[in-house]
Amino acid sequence: MNETTAPAAGPGAERICGIPKWLLLVAPAAALLAAFLVAPLVGLVRTSLYPGPTSFESTGWSLAQYRDFFSDWYFVDVLFQTFRIGVIVSVISLVLGFPVGYSLARLPPAQRRWRLIFVILPLTLSLVVVVFGWLVVLGRNGIVNAALTGLGIVESPQRLLFTEGAVILVLVQQFLPFMILSVMSVVSQIDPVLEQAAANLRANRFVTFRRVILPLAMPGILSGMTLVFILTISAFITPRLIGGNQIQMLGNIIYEQIVVLLRWPFGAAMSLVLLVITLITITAVNGYVARRFMTPRSREHAR
Amino acid sequence: MRVDLIDRLMQASGLCIRFFVYCTLMLPAVIVVAASLTADNTMAFPPAGLSWRWYSAAVDSPQFMGALWASVRLASVATCLSMLLGFCSAFAINRYRFPGRNQFQTLALSPLVVPMVVLGLGLLQFFAWIGLNQSYVGLLIGHTLIMLPYVVRTLGTGLALLDRTLEEAAQNLRARPLTVIRKVTLPLMLPSLISAAVFAFVTSFGNVTLSVFLGMTGTVTLPVQIFTYVESSYDPILAAVSGIVIAVTLLIILAIERLVGVSRIV
């Protein structure tokens, strides 16, 4: 947000009953965030430091939950698997999302309208409905199997669900819109004149893409990929329903530990591991983008 | 010429990818609607015939219709709450310089980056401690919290683009500050307000990742109802209920497209 729009007069310039106006405006939201975002997360930290298997009548402090998590190969494997799927999904989203986002940014508004609705609908549609749709598509009696057996490609219905490929496909479909919109917003700020200039200098599309568009679009690409990555590693509905017991990701293991097994301290520790990974990823990418792609002047502007 | 070949290749592959992406994005919704119109008792493909029987079954089911109204009510109240809090926050961030302004802005946008499963667990435990577990209020607080970033961001952009001279003109005509907001600021902000409210509503209406922690036995929203149902079995009534969700979502998006243009909500 641009700070220059704020009045030159400092804080406390306007008061109601002696209380600065900004405080009255900020207080309700700040109270909500402090009470129901910060406090619950602090509560999770406390629970994760209980020594016992449940938090019921627990006392004391210990790092036992974190030790259990990182010393058990099963959980470390799940962590790596989650990471791997996160990277795969964000790379596929980039490859598929870039051409779409780019073309959306360059289309005239009239043609853009319907395509944009196609992109936004999966984003706003309830996640369970999307996953249910994929269950119907990929199920034993689903259309893919019906088509395969109908065309005589396979003899009997194949197991398509509960495979890693299916989980990746569904995650890509869910999070692709974020990538598309991120690329679209950054490309629409690139002046088409730059591409024409490159074309006049006899650069072909590929060279123009690599030397002109890609560097300029990099902040959007990175923020889109980060968003897809953190959404993927914290997914739990999709791995649970599409992956079943075969594909374990951090999100559905946490859900299982707490909702099914009621192992609160351990689940709390795992969710904090997830939160820390998320925050580190975001901070690292934001810092990199700020250092690499913003001149001191634009940095000041963006603040 | 050498360049022509690369140009054509890129053009063709771009076309293929775009076609594939749009098809894949729409596939689940289209398939659900197609499956919901079957006349059969199972969801085998191709459907055995067309009928509305599963839609009338869905409408007659108190389980699903109760959950639908619960979702609509919850989303409406949570939208009003988050719009109120979000407008005040965005207004303060945009118009005042105060200590902790940047930190407050980061905090207001942070429900977006905290993984939903972490927030859900944190709230579930916290509500149990303060006696709000499985309550409507708890669910309402959770939904308001996750809508807040969208509202603050959309309204913040709207306020930043607002022409301040119009407000100053009203002030020069001796309009009182609240009158300026009511008669000048809010009407000018209308497109932003509509898109923020609609996006907040749709987010809450479809949310399952948070509701599944907060509303399993208390207030059951429609997505949670579908989730618990789909875990055990799935039959065409589920497709019909999902079809209703798709219709509601699509209608809202089309309405906003008519009112303010769809590119505003992204």
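Is B:Trp54 buried or exposed, and how many C-beta neighbours does B:Trp54 have inside 10 Å? B:Trp54 has 24 such neighbours, so it counts as buried. Keep in mind as you look around that this is a predicted model. Below, we go from the two whole chains to the place where they touch, and then to a few helices and single residues.

**The two chains at a glance**

- Chain A has 13 helices plus two strands.
- Chain B has 11 helices and zero strands, so if you walk along chain B from the N terminus you meet α-α-α-α-α-α-α-α-α-α-α, with a helix defined here as a DSSP run of at least four residues.
- The radius of gyration of chain A is 24 Å, whereas a compact globule of 303 residues would come out near 19 Å.
- Chain B tells a similar story: its radius of gyration is 23 Å, against a value near 18 Å for a compact globule of 266 residues.
- Taken along the principal axes, the C-alpha trace of chain A spans about 75 × 65 × 35 Å, and the C-alpha atoms of chain B fill a box of roughly 75 × 70 × 35 Å.
- In chain A, 42% of the 303 residues count as buried, while in chain B the share is 44% of 266 residues.
- Now take the contacts with a separation of 6 or more: in chain A, 69% of them link residues 24 or more positions apart, and in chain B that figure is 74%.

**Where chain A meets chain B**

- On one side of the meeting place there are 75 residues of chain A, and they are in contact with 78 residues of chain B.
- Helix α1 of chain A (residues 21–48) supplies the largest share of chain A's side, with 16 residues.
- Sort chain A's side by class and you get 54 nonpolar, 18 polar and three charged residues.

**Helix α5 of chain B, under cover**

- Helix α5 of chain B covers residues 116–130, which makes 15 residues.
- From first C-alpha to last, α5(B) reaches 21 Å, close to the 21 Å expected at 1.5 Å a residue.
- This helix is mostly covered, with 12 of its 15 residues buried.
- Among the buried ones are B:Met116, B:Val117, B:Leu119, B:Gly120, B:Gln125, B:Phe126 and B:Phe127.
- Which elements do the covering of the buried residues of α5(B)? Both chains chip in: the cover includes α1, α11 (250–260) and α12 (264–293) of chain A, together with α6 (136–160) and α9 (211–214) of chain B.
- Just after α5(B) comes B:Gly131, with a positive phi of about 75°.

**Two crossing helices in chain B**

- Helix α2 of chain B (residues 53–60) and helix α11 of chain B (residues 236–259) have axes that come within 8 Å and cross at roughly 80°.
- Angles from 65 to 115 degrees count as roughly perpendicular, and α2(B) and α11(B) are therefore roughly perpendicular to each other.
- From α2(B), the residues at the meeting point are B:Trp54, B:Tyr55, B:Ala57 and B:Ala58.
- Their partners in α11(B) are B:Pro236, B:Ile237, B:Ala239, B:Ala240, B:Val241 and B:Ile244.
- By class, this contact has 10 nonpolar residues, no polar ones and no charged ones.

**Back to B:Trp54**

- Our opening residue sits in helix α2 of chain B.
- Setting aside neighbours within four places in sequence, B:Trp54 is in contact with B:Ser36, B:Pro236, B:Ile237, B:Ala239 and B:Ala240.
- B:Leu37 is 17 residues away from B:Trp54 along the chain, yet their C-alpha atoms are separated by 7.2 Å.

**Two loop residues in chain A with positive phi**

- A:Phe162 is not a glycine, but its phi is positive, near 60°.
- You'll find A:Phe162 in the loop between α6 (143–150) and α7 (164–187) of chain A.
- Why does A:Phe162 count as partly exposed? Because 15 other C-beta atoms lie within 10 Å of A:Phe162, and the partly exposed class falls between 12 or fewer (exposed) and 20 or more (buried).
- A:Arg202 isn't a glycine either, and its phi is positive at about 65°.
- The loop that holds A:Arg202 runs between α8 (192–200) and α9 (205–233) of chain A.
- A:Arg202 has 9 C-beta neighbours inside 10 Å, so it counts as exposed.

How values were computed. Residues are numbered from 1 along each chain as its sequence is written. Chains are lettered from A and ligands numbered from 1 in the order in which they are written. This is a predicted model: local features need pLDDT of at least 70, side-chain atom pairs count only at pLDDT 80 or more; totals for chains, interfaces and linings use all residues. Two residues are in contact if their C-beta atoms, placed from the backbone, lie within 7 Å. Ala, Val, Leu, Ile, Met, Phe, Trp, Tyr, Cys and Pro count as nonpolar, Asp, Glu, Lys and Arg as charged, and the others, Gly among them, as polar. The radius of gyration is taken over C-alpha atoms; the globule rule is 2.2 Å times the number of residues to the power 0.38. Axes are lines fitted to C-alpha atoms, for helices over the stretch in contact, and angles run from 0 to 180 degrees between N-to-C directions. Angles under 35 degrees count as roughly parallel, over 145 as roughly antiparallel, 65 to 115 as roughly perpendicular and the rest as oblique. The expected span of a helix is 1.5 Å times one less than its number of residues.
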